[in-house]
Amino acid sequence: MKSPPFKLFQPTSIDEAIEISKKFVQEQEDFDWIAGGTDLLPNYKWHLNTKPNVISLASIEELHRLDSEHIGAMVRLHDLAKSEFAHPIIRKAASSIASVLIRQSGTVGGNIALDTRCFWFNQAEEWRRSIEWCHKCDCGTSADCRVIPNQNELCVATYQADLAPSLLVLNAKIHLCGPEGSRTLFLSEFFELDGIKRNVLKQGEIITHLTLDNDISSWSGDYQKLSLRKSWDFPEAGVAVAWRLSDESNNENFELRIATTALESVPRLHQKLTSDALKNNSTIDEIASKLKKDVKPVNNTTFPPNYRKKMVEVLCKKALGGLKGVL
Amino acid sequence: MSKDKEIKGYRQQPGKIPFAKPGSGGREPFSKLRDLEMIPKSEGGYRAQPKGKNRHDHLLTGSTIGRRTPLVDSNWKVTGQAKYGDDIRLPNELIGRILRSPHHYARIRSIDTSEAESIKGVLAVETGQKHTDLFGVLPVTKDEHAMAVDKVRHVGDLVACVAAENESVALEALRKIKVDYEVLNPIIDMKKSLKDVEEPIHNRGKYHIGRSNVQKRVFQEFGNFESVKNPYVSSKSKWKYAGVNHGFTEPHAVVADWEPSGRLTLYTPQQVPHYVHRSLADVLKIPMHQINVHRTFVGGGFGGKSDPFPHEMCAAILARKTGRPVRITFDRDEVFYTNRGRHPSHIEMNLHADKEGRICGIETDALIDGGGFASFGHVTTYYNGVLHTAPYEIGSFHYTGARVWTNKPASGAMRGHGAVNSRCAVELGIDDICEQLEVDPITFRLANLLPPHSSTITGFRITSIGMRDCLEKVREACDWEQKFRKLPFGHGIGIGCGFFISGSGLPIHWDPNKFPHATVHLKIDMDGGVTIHTGAADIGQGSDTVVAQSVSEVLGLPIEMIRVKSRDSDTSPVDLGSYSSRVTFMNANAAISAAIKIRDELIKATADICNVEEKSLVIGDRRIYQKKDPAVGVSYLEALHKAQEERGALISSGAYRTPPMGGVHKGAAAGLAPAYSFSAYAAEVKVDAETGITEVVKVWAAHDCGRALNPLSVEGQIIGSCHMGLGQVLTEEMRYTKKGNLLNPNLLEYKIPTIHEMPEVVPIIVESNDPEGPFGAKEAGEGPLLPILPAVCNAVYDAIGIRTNELPITPDKLYKLIEKKVRSLKLDSPLNLPNPKLNYSKLQNTLEDRADNHKVRDQDRKLDPKREPYYNGTIFGKVSTIPPEEQDERWTLSVTPSEEYLANPRLAGSAWKHVEVRHMKRGDET
């Protein structure tokens, strides 16, 4: 198994990186960004959407910055998990990702922008030839989706990264930089419901960093994930919750956010669900049961979608365990 | 004999230490042992166990047997210097790659390789057309080609191979090979393979079974079936087992080198180099003496490297064509396409017990999915039945088994070959029966064991049996009385037992007749080091170490003075290979008999030097001396040099062949072994009823290995077996889509347990001292895997009251069962499920008494050399010394089904509805 050859670029500043990407965009040449490489390189070895050019972000110093409100895109997951600055929910999520070795190499930006996964897609070349390819990597055959056939529009590959929901419930902002300049948006606006497009990143654009509000220490919460093994495996379902009680005796100023991952093509903040729940004074069980109905997993990961859906309810209950007596 | 005379001929100053003898290593002849602190110790194995005598007792010198000995090849491995298949890099090598079928089942109309051949850097492209000779591991079922000749039989089947200057060019060439396929209707579901079809996957000519895809079928009926007709309690279950792969670390890799001498050397990590040797000769059409099979270090085999493989043939074919060395290394998905893992199975298991708490009947029906090729399947089909006729005394045994071809990668032999799945079903059935009888499952087992030196219902000869010790030690170690059915909800403990062959009694290739199973050559020259030539394949299990230990023990030498040459077929005597847990038993026995010959020569030489009787001499640590007066004697080297006079190096040869045994019915040889291993495990688990996630907390694992020649590696085997078995019971599964695509041919999605899932394992070694084993030893490589599966399943029942009948018990499957039960009991939450409880019935006391009596009986039989025969069935009131068929008129012994059975056969039994082509009446063939 060998990755096809590619040309590697190693810019040392964001400007230089954008300069290189801008050139590729203008010349309409294909390229990929590489951060930790723990996801991209295995995919390359399987000949999954390989590109002739790869730009590495590893040597850009300014992307490595980490403090309580600022998380650089190139911060290693291991450093985030061990960081004293990071919020406990983020630490918990980061330390649950894959294995120690992968966390030593994998980065925050790479995790946020992780390619979606599907068992018809994440396979060796010969294997995919035996199913005559699929929509996500059709090798020029305009093959159909193998999970839900006859809908050649959307890719339903699953977004299986751990960090996003924790950052979503802490209302993180994401900062992008590209040939057309920099922009900032809420992380909840970053993702796009399509397994191929995945997010709003434009050609040549990168994630530079994430920022958090300065009051996040007043938020408590939890992250719960489902996976078959405690190491290596991608999450099969993940629920992050965060809440803030300004006055413990009074529910009026109570704030609650819930986000899920690994269930659809995007991680999702369930805003309507939580606002309804607070309005109706729902119990933990009621919220969990509503959350179960709010997610729509498909059959393309290890566990069957039905089970993942039911487990969302259990995970949600566990994550909200700290609110027993409040809700 | 005085010391002066002894050293005559050497110059020596008075008062000085004598000069070192040639070859002795000077004044520091002692090698230092390595630090063993980090290796976990066995608990429970140290207590005195009444062993009785062994025929090898007089050979013990206290050198290495029974000591914790690091494997002799471990330093190569832990320092990264071991050369595995892919590490063989010969100058001027080419890279070989294989084109594989993208179709489940298709006929090849044509293959056009011209474009691929024209690529610069491509030296050879070969297809199956020129290499049509069949091969296979079993001579009765040769059905494989180097590459597909007419049909491809599964996705990943070999179609063509390419040798090129580098991998990129080879891959490019594969893309340019044009194959025109006529796609055929594949069969994925093994149940469908039982029926007649248009185009069976193989054609076995006159031996073909109807027009079906049944590769092998077995019918066995033993016993008196009266009691089964109206049993007191029964446990009936229908099991579904997923196929599992060995998941060894090293993917297959092979290097073929056609040397200037005109001979082929094949470097391959193989468990059975000898069978590869034979197959190469068949496929290449050259005599065996023109081939040298070199076994490299093997990065794990577990049965997955015990077939001669098509890619080995391809490498040799390409090397012959190009005249350059060719290396083929697999990607992990290719390993899964080659597979030979455990068969996916449907097993129906009915157990019956009578009022006295005796197992009056076992009725098993096993349908196993063989995939595209036969491999070891002929044997597997038998093993699924016959290997659960012990360790319990049973009233009757009914087995129907069938192995079918499907369009999937071939199943084959895997650690615990054929015995694992049906054993799991039996042990759960016993737990269920005990639940119904309201007795303790350990007591029940203890009251139903066969004694030592007995005969099973199908005629297997049991010699040593340590099952009782295993059960008792485990019961004590895990604090069973305080835990079983007493732990809180979600927390449980379970027991499971195992029984496995220690070396197959019948060699796979029994030609030429009366060939030994194992042969060992020894060579000692004046340096005193002993060279062992053996063909036994060390696949990490430590066979090199065992053979070195055996020789070192008999000759009284430290293990550092022994070197094992087991790699090349050119220099090694034939050994059948590392399968069926045969190596320690057979190869060590051969080594001992070779070492005895050297020992005799050394003793004779000493007797000559010292002028004493040979009989009065014994061997100690590098010294041969008189037993009654140890001062009289010579050093090992002196004796050796004396023995070498006029002839040079000492050489000797030893061999082992199993004694005649077993019945005469068809299939009597399957499962027959010179000894059997036994084991009992208890597992403690925690089950989260809300998610269905099972966590194994701790395992107590007692295994009867006869005698632990090397306790360190026995414990390693026990712990490793637990890991492997836990994979099958909890997470591992080769998942196929309905259309037959293997969803997880990679180690991310094929879920081998990680260190987080691995519980603490307490290995307990039980030594029953086998009368025929080398120094009393039996196997410890495969048997230890069996009991972990039922132990965990039974523990899950103890935890949440749910019996599974499908493996692996992944959380989603277990959760489905939990939900079903919650619904049927109309509960609000899984956490309110009832926790299983046990109140002993009166039978418990009866069983305890019987177990106590049997314990005395067993001990007596073990130590009494004049014991009478004991046949299975005695517990049911038969005379113990007469075979049951001779004293019971209603005793059935049948290996073909009756018309009556065929009117309403079970699932696998329905394979017998077909008529073999050779028995068809004229006109029936179409």
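**Briefing: strand β15 of chain B and two open sheets**

Strand β15 of chain B, residues 396-404, is mostly covered, with nine of its nine residues buried. The model described here is predicted. The points below treat the surroundings of this strand, followed by one open sheet in chain A and another in chain B.

**Strand β15 of chain B**

- Burial extends to both faces of β15(B). One side carries B:Ser396, B:His398, B:Thr400, B:Ala402 and B:Val404, while the other carries B:Phe397, B:Tyr399, B:Gly401 and B:Arg403, and all of these residues are buried.
- Strand β7 of chain B (residues 214-223) runs antiparallel to β15(B) and is joined to it by nine bridges. Within β15(B), B:Gly401 is the residue that stands opposite B:Val218.
- Strand β14 of chain B (residues 359-369) runs parallel to β15(B), and eight bridges join the two. Here B:Ile362 has B:Phe397 of β15(B) as its bridge partner.
- A right-handed β-α-β unit is made by β14(B), helix α9 of chain B (residues 377-386) and β15(B).
- Both kinds of pairing found around β15(B) belong to a common scheme: strands of a sheet pair through backbone hydrogen bonds, either parallel or antiparallel.

**Open sheet of chain A**

- Four strands of chain A form an open sheet in the order β4-β7-β5-β6, with antiparallel pairing.
- Its edge strands are β4 (70-72) and β6 (181-186) of chain A, each of which pairs on one side only.
- From one strand to the next, the twist averages 25°.
- Strands β5 (residues 173-178) and β7 (residues 206-211) of chain A run antiparallel and are joined by five bridges. The bridge partner of A:Lys173 in β7(A) is A:Thr211.

**Open sheet of chain B**

- In chain B, an open sheet of four strands follows the order β18-β26-β27-β28, and its pairing is mixed.
- Strands β18 (491-501) and β28 (760-766) of chain B each have a single partner strand and stand at the edges, so one side of each is left without a neighbour in the sheet.
- On average, neighbouring strands of this sheet are turned by 20° against each other, direction ignored.
- The antiparallel strands β18(B) and β26 of chain B (residues 676-688) are joined by 11 bridges. In β26(B), B:Glu684 is the bridge partner of B:Ile493.
- Helix α18 of chain B (residues 788-800) lies across β18, β26 and β27 (693-704) of chain B, and the helix runs at about 160° to β18(B).

Notes: Residues are numbered from 1 along each chain as its sequence is written. Chains are lettered from A and ligands numbered from 1 in the order in which they are written. This is a predicted model: local features need pLDDT of at least 70, side-chain atom pairs count only at pLDDT 80 or more; totals for chains, interfaces and linings use all residues. A residue is buried if 20 or more other C-beta atoms lie within 10 Å of its own, exposed if 12 or fewer, and partly exposed in between; C-beta atoms are placed from the backbone. Two strands pair if DSSP finds at least two bridges between them. A crossover is right-handed if, with the strands pointing away from the viewer, the path from the first strand over the helix to the second runs clockwise. Axes are lines fitted to C-alpha atoms, for helices over the stretch in contact, and angles run from 0 to 180 degrees between N-to-C directions. Two residues are in contact if their C-beta atoms, placed from the backbone, lie within 7 Å.
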